[in-house]
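Q: Please take a close look at the largest nonpolar core of this model and at the parts that surround it. Which residues and elements build it, and how are they arranged?

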Amino acid sequence: MTSDTKRIILHLDMDSFYASAEMRRRPDLTGKPVIVGADPKEGKGRGVVATASYEARKYGVFSAMPISQAYHLCPEGIYLPPDFPLYTRVSSEVMAVLRATGFAFEQVSIDEAFLDLTATGEFGEAERLARELKERIRALTGLSCSIGIGPSKVVAKIASDFRKPDGLTVVPDGEAAAFLAPLPVRKIPGIGPKTGRELEATGIRTIGDLQSGLEALLGRFGRGGTALHRLAYGIDASEVAGRGGPRSISRETTFGEDTSDPEALSATMEELIRDVHRNLKNEKYRFRTVTVKVRYTGFITKTKAHSVLHYTDEIRTIRTLARALLRDLIADRKIRLIGLRLSDLGAPDERQKTLGT
Ligand code: DCP
Ligand code: MG
């Protein structure tokens, strides 16, 4: 693609995805505060919230919050354990709708993806397609999603988050800088709480502050400051390419009590191995890298990874590597959480390539 081609990029993100998938299965939950995540055990539970329905968010419950805190905020909530096979199935249905459009497609997580709609020629046409996609996804899965359309991936992504749930936000070329200016800096993907705080310390709160603050950015972030400055204007040359699939597949479990019991560790690792393997097979992917994460008592977290030479989808390989990595990470401290990730995912096989046709 030449640099002077005006691009039209769409980003789609499902609304309160896990909770919505649960509500589709159990319509009696519709309109209720549904929280998917660890068992709250009447406020004594450990682990975190995976997601909360929009009704539950009114209580201040959000993704990644400790489940015990969620329970204090919303004791009347309906707490459900995650059902990953269900979410993977629904995700595949949604992604198949996007793939079937024939436009360049890139899945970035279980519930979000980009499409390159440059070939539609104009934003109005892209918007019509977006409405159609929302309808098709709703008809097929019963779920709502939010869509952003913009001249780059960064603008499309921020736009999909702009009006949620069931939103559609179009930011035509030329309006990106003005659209972004009033938004807080942490809306830029990649600016986490830490960088956000750092920026705030220098008086940069909104993306507009970033736009006018190149010098401060260069002083603070060196060459990275230029990239951030360009993002603030919505300039992002990265393409919708990808393999059209997730970049990694991961699961983690927090223990009910910190443990160093080899049997408990081994049994939990086996569950994680089966979970990620099932997901890998569902997605029809192969992997090259296995990463094990261990969080010890006191929240110190370590990871260790190993890559194999050839792509594989064998559970045996996952098991051998995961167990060896876990052994290496076991120290004399107790363990709070273990996680397992497959990455360097290999190209989907031929069957998947033809799914969209
Ligand atoms: N998820 C998770 N832990 C997190 C964030 C997300 O387990 N810290 C899972 C649950 C979400 C799903 O990933 O349902 C998709 O993540 P999103 O960030 O898109 O969140 P939701 O789809 O739940 O809500 P939103 O409507 O804000 O997109
Ligand atoms: Mg989502």
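A: The largest nonpolar core has 35 residues, of which L10, L12, M14, L98, I137, I147 and I149 touch the most other members; such a core is a set of buried Ala, Val, Leu, Ile, Met, Phe, Trp, Tyr and Cys residues joined through side-chain atoms within 4.5 Å. Two or more residues come from each of β1 (9–14), α1 (17–25), β2 (34–37), α4 (84–99), β6 (112–116), α5 (123–141) and β7 (145–150), where helices (H or I, at least four residues) and strands (E, at least two) are DSSP runs numbered from the N terminus. The helix α4 gives the most, with seven residues. At least three residues are drawn from each of domain 1 (9–15 + 91–175) and domain 2 (17–84), with bounds that come from an automatic or database domain assignment.

This is a predicted model, in which local features need pLDDT of at least 70 and side-chain atom pairs count only at pLDDT 80 or more, while totals for chains, interfaces and linings use all residues. Residues are numbered from 1 along each chain as its sequence is written, chains are lettered from A and ligands numbered from 1 in the order in which they are written, and side-chain values use heavy atoms, with hydrogens and water left out.

Within the core, I137 is in contact (heavy atoms within 4.5 Å) with L12, M14, V94, V97, L98, G142, L143 and C145, leaving aside its neighbours within four places in sequence. A second, separate core of 26 residues includes I249, Y285, V308 and L326.

Strand β6, one of the contributors to the largest core, is mostly covered, since five of its five residues are buried, buried being under 20% relative accessible area, exposed over 50% and partly exposed in between (1.4 Å probe, protein chains only). In a regular strand the side chains alternate between the two faces of the sheet. Here E112, F114 and D116 point one way from β6, A113 and L115 point the other way, and all are buried. Strands pair if DSSP finds at least two bridges between them; β1 and β6 run antiparallel and are joined by five bridges, with H11 opposite F114 in β6. Five bridges also join β5 (residues 104–109) to β6, again antiparallel, and F105 has L115 of β6 as its bridge partner. A hairpin through two residues joins β5 to β6.

Helix α4 also carries an aromatic pair, F84 and Y87, which lie three residues apart, about one turn of the helix. Their rings are edge-to-face, 6.2 Å centre to centre with 90 degrees between the planes; rings of Phe, Tyr and Trp (its six-membered ring) pair if their centres lie within 6.5 Å, and planes under 30 degrees apart count as stacked, over 60 as edge-to-face and the rest as tilted. Y87 counts as buried because its relative accessibility is 0%. F17, Y18, F84 and Y87 form one aromatic cluster, and a search of the whole structure finds seven aromatic pairs.

Another edge-to-face pair is F162 with F179, whose ring centres are 5.0 Å apart and whose planes stand at 65 degrees. F162 lies in the loop between α6 (153–160) and β8 (168–170) and F179 in helix α7 (residues 176–180), so the pair ties together parts that are 17 residues apart in sequence. F162 counts as partly exposed at 41% relative accessibility, whereas F179 is buried, with a relative accessible area of 12%.
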